[in-house]
Amino acid sequence: MHGASQFNDDHAFTKALVRFEELVKKYYGKPVSFVLHKNSELGLEKDYFAYMNQGKGVDYGIVSPRTCPPSRRPRHSSMRRFLFRDLAHWNKVLDADLLKPIADEIAQKADVMLIGYAGGGTRNIFVQQAGAQPGEMKNLKVRVQGAPI
């Protein structure tokens, strides 16, 4: 099985994929071989998703739904990153299997099986001015990731 990560050995996503390999080897019960391509060796997340969708080159990886092509992107993928209050809330939602419709939609639209969820961490903004309320951030210029949201 070939996996893909945009990151080096120290990144949480790469560590998670290595752990995935360990757990599959432990519980599968048959010999299985893994090759993890790191440091964007096979491209970016959007490329991994396309490879998984096409059934070639990549068998597993951590991919954000925002990187899926529009025709295969789940309807609610752009709002999910701000949906959870905290880690406890995130875990409660996952334990209740409330994201199953999204996994089902990805399987139906893209023929890619979602086997788990990972988080990219919390988002923080650091500035040199006082202010604690969202309204106080009006007209504040910040750098953000290149995503449609």
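**View 1. Tyr60 and the aromatic rings around it.** Tyr60 has a relative accessibility of 5% and therefore counts as buried, since residues under 20% are placed in that class. The model shown here, as in every view that follows, is a predicted one. Tyr60 forms an aromatic pair with Phe20, in which the ring centres are 5.2 Å apart and the planes stand at 45°, an arrangement described as tilted. Because Phe20 belongs to helix α1 (residues 12-28) while Tyr60 belongs to strand β3 (residues 60-61), this pair ties together parts of the chain that are 40 residues apart in sequence. Phe20 itself, at 24% relative accessibility, counts as partly exposed. Ring pairs also bring in Phe34, so that Phe20, Phe34 and Tyr60 are linked into a cluster.

**View 2. The pair formed by Phe7 and Phe13.** The structure holds 4 aromatic pairs. In one of them the rings of Phe7 and Phe13 have their centres 5.9 Å apart, and because their planes meet at 75° the pair is classed as edge-to-face. Is each of these two residues buried or partly exposed? Phe7 has a relative accessibility of 25% and so counts as partly exposed, whereas Phe13, with a relative accessible area of 17%, is buried.

**View 3. Gly3 in strand β1.** Gly3 is found in strand β1, which covers residues 2-4, and with a relative accessibility of 0% Gly3 counts as buried. Which residues does Gly3 touch, once those up to four places away in sequence are set aside? The contacts of Gly3 are with Val35, Leu36, His37, Leu42 and Tyr60, the last of which is the buried tyrosine of the first view. Gly3 and Val58 lie 55 residues apart along the chain, yet their C-alpha atoms are separated by 5.5 Å.

**View 4. The largest cavity and its lining.** Rolling a probe the size of a water molecule over the atoms shows where empty space is left. The structure holds 1 cavity of 30 Å³ or more, and the largest cavity has a volume of about 40 Å³. The residues that line the largest cavity are Ala4, Ser5, Gln6, Phe7, Phe13, Leu17, Glu45, Tyr48 and Ile62. Helices α1 and α2 each supply at least two residues of this lining. Phe7 and Phe13, the edge-to-face pair of the second view, are thus seen again here as part of the lining.

**View 5. The buried face of helix α2.** The buried residues of helix α2 are Glu45, Tyr48, Phe49 and Met52. When the helix is seen down its axis, these buried residues fall within an arc of 100°, so they line one face of α2. What do the buried residues of α2 pack against? Their partners are β1, α1, β3 and α4. Two of the buried residues, Glu45 and Tyr48, also line the largest cavity. Just after α2, Gly55 takes a positive phi of about 75°.

**View 6. The two sides of helix α4.** In helix α4, which covers residues 100-110, the buried residues are Ile102, Ala103, Glu105, Ile106 and Ala110. They cover an arc of only 160° around the axis, which means that they sit on the same side of α4. On the other side of this helix, Pro101 and Gln108 are exposed. What covers the buried residues of α4 includes α2 (45-54). Just after α4, Asp111 takes a positive phi of about 55°.

**View 7. Gln129 and the whole protein.** Gln129 has its place in the segment after α4 and is partly exposed, with a relative accessible area of 44%. Setting aside residues up to four places away in sequence, Gln129 touches Glu136 and Leu140. For the protein as a whole, the secondary structure comes to 4 helices and 3 strands, and from the N terminus on these elements run β-α-β-α-β-α-α. Of the 149 residues in the protein, buried residues make up 25%. Among the contacts between residues at least 6 apart in sequence, 56% join residues at least 24 apart. The protein exposes about 11,000 Å², and carbon and sulfur atoms supply 54% of this area.

Definitions and conventions: Residues are numbered from 1 along each chain as its sequence is written. This is a predicted model: local features need pLDDT of at least 70, side-chain atom pairs count only at pLDDT 80 or more; totals for chains, interfaces and linings use all residues. Side-chain values use heavy atoms; hydrogens and water are left out. Buried means under 20% relative accessible area, exposed over 50%, partly exposed in between (1.4 Å probe, protein chains only). Contact means heavy atoms within 4.5 Å. Rings of Phe, Tyr and Trp (its six-membered ring) pair if their centres lie within 6.5 Å; planes under 30 degrees apart count as stacked, over 60 as edge-to-face and the rest as tilted. Accessible areas come from the Shrake-Rupley method with a 1.4 Å probe; for residues, only the protein chains shown count as cover. The arc is that of the directions from the helix axis to the C-beta atoms. On a 1 Å grid over the protein atoms alone, a cavity is a set of points where a 1.4 Å probe fits but cannot get out, and a pocket is an open set with protein on both sides within 12 Å along at least five of seven lines; lining residues have an atom within 4 Å of a point. Grid points are joined across faces, edges and corners, and a volume is the space filled by probe spheres set on the points.
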